[in-house]
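Here are my notes on the two-chain model you sent, set out as numbered points. I have kept to the contact between the chains, a few residues at that contact, and the nonpolar core.

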Protein chains: 2
Amino acid sequence: MIKIALDLTDRSIILHTMNAEHDTRTRILSTARELFHGRSYADVGIKEICDLAKVQKGSFYHFFPSKQDLAMAVIDDMADDWAHGFVAEAFDQNLPPLERLDYMIDAAYYWQKAAKDIDGRMPGCLFGNLALEISTRDDVLRAKLNAVFDKASKRFHEALDQAVELGEIPPLDSEATAAAMLAFLEGIILLAKTRNNPEVIRDLGPAIKTLRIELAHPN
Amino acid sequence: MIKIALDLTDRSIILHTMNAEHDTRTRILSTARELFHGRSYADVGIKEICDLAKVQKGSFYHFFPSKQDLAMAVIDDMADDWAHGFVAEAFDQNLPPLERLDYMIDAAYYWQKAAKDIDGRMPGCLFGNLALEISTRDDVLRAKLNAVFDKASKRFHEALDQAVELGEIPPLDSEATAAAMLAFLEGIILLAKTRNNPEVIRDLGPAIKTLRIELAHPN
DNA sequence: CTTCACGTTGACCGACCGGTCATCTATGAA
DNA sequence: TTCATAGATGACCGGTCGGTCAACGTGAAG
């Protein structure tokens, strides 16, 4: 009974305050995400986020207890969009497994290219950026980024297993190879960002299909 | 005559003040390098560098006009050590070309492992860290990091060309493949740092030899 | 003995950092 | 009408940021 009452209360609150709360929180989240992605975690201050999101500082701390919590939410938010966005497309089960790799590279390329066309700079991968910047300082955020990478790695793993099953490629250590592919993807985005040239992704990306780690015990 | 006089003056200054000037500047440089590498550019303040290096803030600004100039010097310093250190070893001309790749991966692994054994955290690659953190904000530093990557890429390029010449591998686009290998190296270091586990380098590293980009016009 | 430049010292600057808080408003429930 | 709660407001906090500066010590050159 208590539970039902609570549920009803919660629901009505959600329904009635969605526009207000949801909007403010969402505005903070998307602004922070954009700024973190385009610059860096440490370089973006809460004041700047609040100004751009047209939110008062006190309001910010009503929704996020700390900057770290904001970062967590940003990662979750981006991971969701990512998973339901071009990752879901690229790793579409209807596509032949190996084509998914090409699709992934293409998606990364067009994304970065579009971003650069807009403001002249390649933002790179938000996860990679954050990982290198804060994983030595914040184990909680590092663990979260780790989980995101693990999830991405699983997509590669799945595709590789299916490719093997279909006889498109010889058997291999699909888990390790999947991780290697993810690493390669992050690496070419890193290099492309350093050169500020999205074409690097296009030029080097196709090599992802040549990556291969043999099974440890192929007996 | 003037030139000779100046040269003599300079030399005497260098000789006499080496201990004082050189020592202070070097202390700042190596402290900054260590801190930047272990944390991040934005997260390390000049005050902290000065305290650890036992240098007064005014002295710091006597040697480095700004934090950006310090970063430039740090990159140069690290690039030098790097080029004359294990990169020179790994890409030893006496080693068979393909073995140099294994050597490079090994060196990266042991380096990161040693660092982690000391303070529990994998610092990753200073260049990669800085590249992702500041290349959207500082084109001068980005260009410098770019040059470092280019130089590293040339080592791979050279090794690949020699491997082709020796008939160890079929002809390929050695320049693009070299860049892909560098990207892969940075990528596995990124992933290893995120997992805080140097073994990732060891596990995925050997796949670097499987990377391959075909010649565009193999006619 | 003077001059001059290098290096050093530490106080100081305004701006900004992440974060707090008392206060007010809006809204739905009882 | 009263009450509780979510949310908004903006002043405020101590601390730190990158950077400046006038004063001083030192040692070699003239």
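How many residue pairs are in polar contact between chain A and chain B, with both at pLDDT 80 or more?

1. The model is a predicted one, and in it 19 residue pairs are in polar contact between chain A and chain B, counting pairs in which both residues are at pLDDT 80 or more. On the side of chain A that touches chain B, at least two residues each come from α7 (126-134), α8 (139-165), α9 (174-195) and α10 (199-204) of chain A. The most is given by α9(A), with 14 residues.

2. As to the extent of the contact, about 3700 Å² is buried between chain A and chain B, and 66% of that area comes from carbon and sulfur atoms. Of the area that chain A buries against chain B, 19% is supplied by A:Leu132, A:Thr136 and A:Thr194, which is more than any other three residues give. Chain A brings 43 residues to the contact, and chain B brings 43 residues.

3. On symmetry, chain A is superposed on chain B by a rotation of 180 degrees with 0.0 Å of shift along the axis, at an RMSD of 0.0 Å. This is the relation of a two-fold axis, and within chain A the C-alpha nearest that axis belongs to A:Gly187, at 1.9 Å from it. Because 100% of the interface residues of chain A are interface residues in chain B as well, the copies meet through the same surface.

4. The charged pairs deserve a separate entry, since four salt bridges are counted between chain A and chain B. One of them joins B:Asp43 to A:Arg137, with the closest N and O atoms 2.7 Å apart.

5. A lysine in helix α9 of chain A, A:Lys193, merits a look, because its relative accessibility of 1% falls under the 20% limit and A:Lys193 therefore counts as buried. Beyond its neighbours within four places in sequence, A:Lys193 is in contact with residues of both chains, among them A:Met122, A:Pro123, A:Gly124 and A:Asn129, together with B:Ala131, B:Ser135, B:Thr136 and B:Arg142. A polar atom of the A:Lys193 side chain lies 2.9 Å from the backbone oxygen of B:Leu132. Within chain A, A:Lys193 and A:Lys116 are 77 residues apart in sequence, whereas their C-alpha atoms are 9.8 Å apart in space.

6. B:Leu132 belongs to the buried residues of α7(B), which also include B:Asn129, B:Ala131 and B:Glu133. Helix α7 of chain B, residues 126-134, is mostly covered, with nine of its nine residues buried.

7. B:Glu133 appears again beside A:Ser40, which, leaving aside neighbours within four places in sequence, is in contact with A:Leu35, A:Glu133 and B:Glu133. A:Ser40 sits in the loop between α1 (2-38) and α2 (46-53) of chain A, and with a relative accessibility of 4% A:Ser40 counts as buried. The side chain of A:Ser40 also reaches the backbone nitrogen of A:Asp43, at 3.2 Å.

8. Finally, the largest nonpolar core has 146 residues, and those with the most contacts inside it are A:Phe184 and B:Phe184. When residues up to four places away in sequence are not counted, B:Phe184 touches A:Ala180, A:Ala183, A:Phe184 and A:Leu211 from chain A, and B:Leu204, B:Gly205, B:Ala207, B:Ile208 and B:Leu211 from chain B. In soluble globular proteins, nonpolar side chains tend to be buried together.

Technical notes
Residues numbered from 1 in each chain as written. Chains lettered and ligands numbered in written order. Predicted model: local features only at pLDDT ≥ 70, side-chain atom pairs only at ≥ 80, totals over all residues. Heavy atoms only, no water. Core = buried A, V, L, I, M, F, W, Y, C linked by side-chain atoms within 4.5 Å. Buried < 20%, exposed > 50% of the residue type's maximum accessible area, 1.4 Å probe, protein only. Contact = heavy atoms within 4.5 Å. Least-squares fit on C-alpha atoms with pLDDT ≥ 70 in both. Helix = DSSP H or I, 4+ residues; strand = E, 2+ residues; numbered from the N terminus. Polar contact = N/O pair within 3.5 Å; in protein donor to acceptor, adjacent residues only side chain to side chain. Buried area = accessible area lost by both parts, 1.4 Å probe. Salt bridge = Lys/Arg side-chain N within 4 Å of Asp/Glu carboxyl O.
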